Amino acid sequence: RLSTSQLEEKYGTSIDKGLSSTRAAEILARDGPNALTPPKATPEIVKFLKQMVGGFSILLWIGAVFSWISFGIQLAQGAESAFDNVTQLASTSWLGDQRVAPRSFHTSVLQQALVIRDAEKKEMPADQLVVGDIVEIKGGDRIPADIRLIAAQGCKVDNSSLTGESEPQSRSCDFTHENPLETRNIAFYSTTCVEGTATGIVINTGDRTIIGRIASLASGVGNEKTPIAIEIEHFVYLVAGVAISIGVLFFIISVSMRYKILDSIIFLIGIIVANVPEGLLATVTVSLSLTAKRMAKKNCLVKNLEAVETLGSTSIICSDKTGTLTQNRMTVAHLWFDNQIYSADTSEDQTTQPFDQSSPSWTALSKIVTLCNRAEFRPGQENLPIMKRVVVGDASETALLKFAEVVLGDVMNIRARNKKVAEIPFNSTNKFQLSIHETDDPNDKRFLLVMKGAPERILERCSTIMINGKEEPLDSEKAEAFQTAYMELGGLGERVLGFCHLYLPENDFPDTYTFDTDSMNFPTSNLCFVGLLSMIDPPRSTVPDAVSKCRSAGIKVIMVTGDHPITAKAIAKSVGIISATSETVEDIAKRLNIPVEQVNRQEATAAVVNGMELKDMSLQELDEILCNHSEIVFARTSPQQKLIIVEGCQRQGAVVAVTGDGVNDSPALKKADIGIAMGIAGSDAAKNAADMVLLDDNFASIVTGVEEGRLIFDNLKKTIAYTLTKNIAELCPFLIYIIASIPMPIGTITILFIDLGTDIIPSVALAYEKAESDIMNRRPRNKKKDRLVNEQLAIYSYLQIGIMQSVGAFVTYFTVYAEQGFLPSTLLGVRVDWENNAINDFEDSYGQQWTKYQRTYLQWTGYTAFFVSITIQQVADLIIRKTRRNSIFQQGLFRNKVIWVGIFSQIGIALILTYVLMLYWFVAVPFAVLIWVYDEVRKLFIRRYPGSWWDKNMYY
Amino acid sequence: MSKETKKPFRQSVAEWRQFVYNPNSGEFLGRTAKSWGLILLFYLVFYGFLAALFTFTMWVMLQTLSNDIPKYRDRISSPGLMISPKPDTALEFYFNKSDAQSYAEYVSTLRKFLETYDDSKQSQNINCTPGKVFDQNDVAVKKACRFNLSELGQCSGKEDKTFGYSKGTPCVLVKMNRIIGLKPEGEPYIQCTSKEPGAVEINYFPSGGLIDLMYFPYYGKTLHAHYLQPLVAVQLAINSNSTNEEIAIECNFSAFKPGVRTSKYETASCCRCCFKLP
């Protein structure tokens, strides 16, 4: 806004001389280096402590403390502890919890900037820049700070990392807009100068730059709890609730049974501790890590483990357009010649073009495309596929060059044969580019003038039009046809260029003629119009499929882009974000020919919302849009607006995934339940803010991620069901011990052998379970209703399978005692005598007498047998947990090999722990079989009678 | 995720009340009466079935057992020893010979214990050949050997009704635990040692602490109903010049005379008895 001299004054600098070194040093000391402060890293020790006391671990810690208390009580009593609950290994909680993902993405190369200081041009590191420095930038440079331009020649900057606009913006010295983001005379830190040169004054450095402010906006957005964390918390409450209520219940029972209060307290603690699923936390973490690893193989790098599951519960994906949905490069999409529109192949790896190339008009057009083009391939890339080669030149010229290379072959050779004699490059006033060439026909001594540019400007200069190779006068009818085609291609959101040529008459322009581009001593009107080419940043070929998969998985895909509404809508249509049949309010208005206001908004399923409209909207209006329309495109949005949109979606109760690559996306990435950054195109800020990084920038990877996320939720459910089941089998002995006063059926150490020994590998193995059918045809889970651990799961595990296991284990227990001489009837009520150290002639059912040590030895045998029978039944439990609905035989008993590793490890560990004694191994087998059969029956009824009472109560 | 605001207390109470009983849907604790009925019925059937199954498998298991001898006896391979009287506190005798009250309980316990060995109770028992294992494998009705109380000498309670407690020479009966089928080799005997040598003089009845082989083997409660296990009485004569107020005695069982220890029954150490003197 200020004039150059005002600027000089304001920043105390001089355009020609720049700042003095001393002054610069002063400012540098005041403002600090020109670099973004990295987000504050939490100290490792804090992280470690958080890990140790966070969420689930706290349950283990409380369990451990209780164990010590009860141990202390027993120690004080001087009695040998009835059940030594001392070894609650809370340490397992963080053992498995080593985060797998790399922590930072600091790959920034030291940037150099050309600065004028002390009246000298100096190359210096960009972080030494201070406000008031005069910097020079040229095409290819990264802008080193926020710069107010004071001189510019054809300068264009790529603001995509900041605003998401895919097209380079031209920059000049003119003040054009109040909004600093829109005005032309400011270039922003971290954006790239694509072409041209410019000089400017540094006006902001470091964190005070626009990008710095956005970055701080991102760090200001708090991290939300992940859905899985909420589920685990819920699970902890549930387990704690069950443990405490059973504990208190039995405390009351034992008190009323005239146990000593102190003993009752120990029972209480014992019950609570027995309920803590010690191995679960490790299992959950390992499952998450496994999935994260699996996803990394599929190009999804997961930074935050819990995010794996979040993706699975995602119900809305807010996707950025450029680079995620599209290939982020201009490609020729359509051609118009001979009054006809042809489509070109826009896929990533095109090698040929399918359209009709027989027309002589095409020959002429292709010549113009080839010749009137300044872009060139970097040398030395002959072996690369054409689409992958690096080109020097702007986006449209690159597109045309590659297109020509694909269709015609060696473009450079064609250009060499048609030597260029004169050229006028594209500029914004002419809006055309022109060049004059010799022809490659040795008999044809004429010069060929080729021109391309904005279609309407080109048409103005034409008097004829080429139809099927013949020049025909350009009458109003043909002009009309041109208009229609132009509008149509423009309506597709494509950038259209017009092409025309003229063979200069040999008489007026002999081969010795010198062309002067300044005086334009050659005709630039009455040319022959040849055709139109339109270009677009085409969608990735995998995207439409991925979008439709998201649809069938009940996930709403919303496009949020900084791009123009028309382009955005066109891309949305082509990838299926707006499906073919749905209409926006504007479309309906157009179809019915009524004003937009009269259209019933409920009828429109799609909506394209402009950033400008969004600005004036109240939150309610935004909610309404998000609610009422299933297909939404937000165009021309600012970073703040992205944030608002994400928050709006979250208000609907949705779990929102946001994809993005630019710095402008980072606040939204952070705010989202799961932020997904692009690995290739993504900026560091975006990657830092995101929970996940797509290494191949491919939207389709998200779908894989969703599938994996849902799978892990299902598998966690199975794992928890598996783990909870045996808790009852571990708890029941204790309860019966209290009530019936039988010898203790299972010891604490044995319980830990199960929890941390035999059961760990199998429960991890469930994480490898393949998906049951329909995983991607289900709606995303409702995070309020579909809990990880729901009532059915708990009841089925605790009250049905758990009880069955207990019964099986007790049969084994009684068998052991009976076969050793204590018939079941003699065991009831013997606890006090049995545990009395002074009684060494305890009589069994056969009249034999047992010393205390012999009884204890027998009791240990009982522990072993109980342990073995729980293990055997857990094998059955593991097998039934493979599926929740399908029969095991549908799922395939052997498809998940890891399950078998789990089963064998389980049996192996049990064998080692029992010193390879196979005694009592088979008593519980009938019960294991029963568990399997019963669960098959349950699943059969669930499949057979969906929605029935059985389904509602038995399906978890 | 929308920010969850803390619910006001009244609202959460109302929600709880709604959960406990919802008058609109007639739901009690989240289920209607019919739903509760169904679920209770289901669990009634389910647990009924499980109980039946449990009973059945237990029954099957019990069918595999013999009435006479347990299936396995590997957890009690060696017999334990036990003493009578058995004090409440961990095997500590505390008495004063001049105070009859202090040992009255020991005496009555001993008396009661020896009642089963009374001649009148042993009318069915036979006199067996001493020094030989009384093998009755082929006999259907196993006979029990007579254990004569006179074997216990001064500790039989016949001469001294206070079992020596009043004289400061207390008697303790040591018995070996019954184990079915156990046949000691050699000559089993009980030996007690004092921690402080010379502080106490130990007498055994029968002499040498011998247990006669004729009382072995034992055939179990059902087959060998009138079996009486052999006893060894240990009488302690505490040296009057002993300064110790506490005398610890440890009794061991050995199937062999000292010096021939190669058997599978090593020593079964009994309770360490501790005599506290006033």
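This is a short chat about salt bridges and a small sheet in a predicted model.

Q: Before we start, what are the ground rules for this model?
A: It is a predicted model in which local features need pLDDT of at least 70 and side-chain atom pairs count only at pLDDT 80 or more, while totals for chains, interfaces and linings use all residues. Residues are numbered from 1 along each chain as its sequence is written, chains are lettered from A and ligands numbered from 1 in the order in which they are written, and side-chain values use heavy atoms, with hydrogens and water left out.

Q: OK, how many salt bridges over all chains?
A: There are 28 over all chains, where a salt bridge is a side-chain nitrogen of Lys or Arg within 4 Å of a carboxyl oxygen of Asp or Glu.

Q: Which residue does Arg294(A) pair with?
A: Its salt-bridge partner is Glu708(A), and the closest N and O atoms are 3.2 Å apart. Arg294(A) sits in helix H10 (residues 280-297) of chain A and Glu708(A) in helix H26 (residues 699-740) of chain A, so the pair ties together parts that are 414 residues apart in sequence. Helices here are DSSP runs of H or I with at least four residues, and strands are runs of E with at least two, both numbered from the N terminus.

Q: And is Glu708(A) buried or exposed?
A: Glu708(A) counts as buried at 6% relative accessibility, whereas Arg294(A) is partly exposed at 21%. Buried means under 20% relative accessible area, exposed means over 50%, and partly exposed lies in between (1.4 Å probe, protein chains only).

Q: What about Lys939(A) and Asp935(A), where do they lie?
A: Both belong to helix H35 (residues 925-944) of chain A, four residues apart, which is about one turn of the helix. Their side chains meet in a salt bridge of 2.7 Å, N to O, and both residues are buried.

Q: Which residues do shared salt-bridge partners join into one network?
A: Glu231(A), Glu309(A), Arg781(A) and Arg787(A) are joined that way.

Q: Switching to chain B, what is the strand order in the open sheet?
A: The three strands run in the order E1-E2-E3 with antiparallel pairing, and two strands pair if DSSP finds at least two bridges between them. Strand E1 (21-22) and strand E3 (31-32) are the edge strands, each pairing on one side only.

Q: How many bridges link E2 and E3(B)?
A: Strand E2 (residues 27-28) of chain B and E3(B) pair over two bridges, and the bridge partner of Phe28(B) in E3(B) is Arg31(B).
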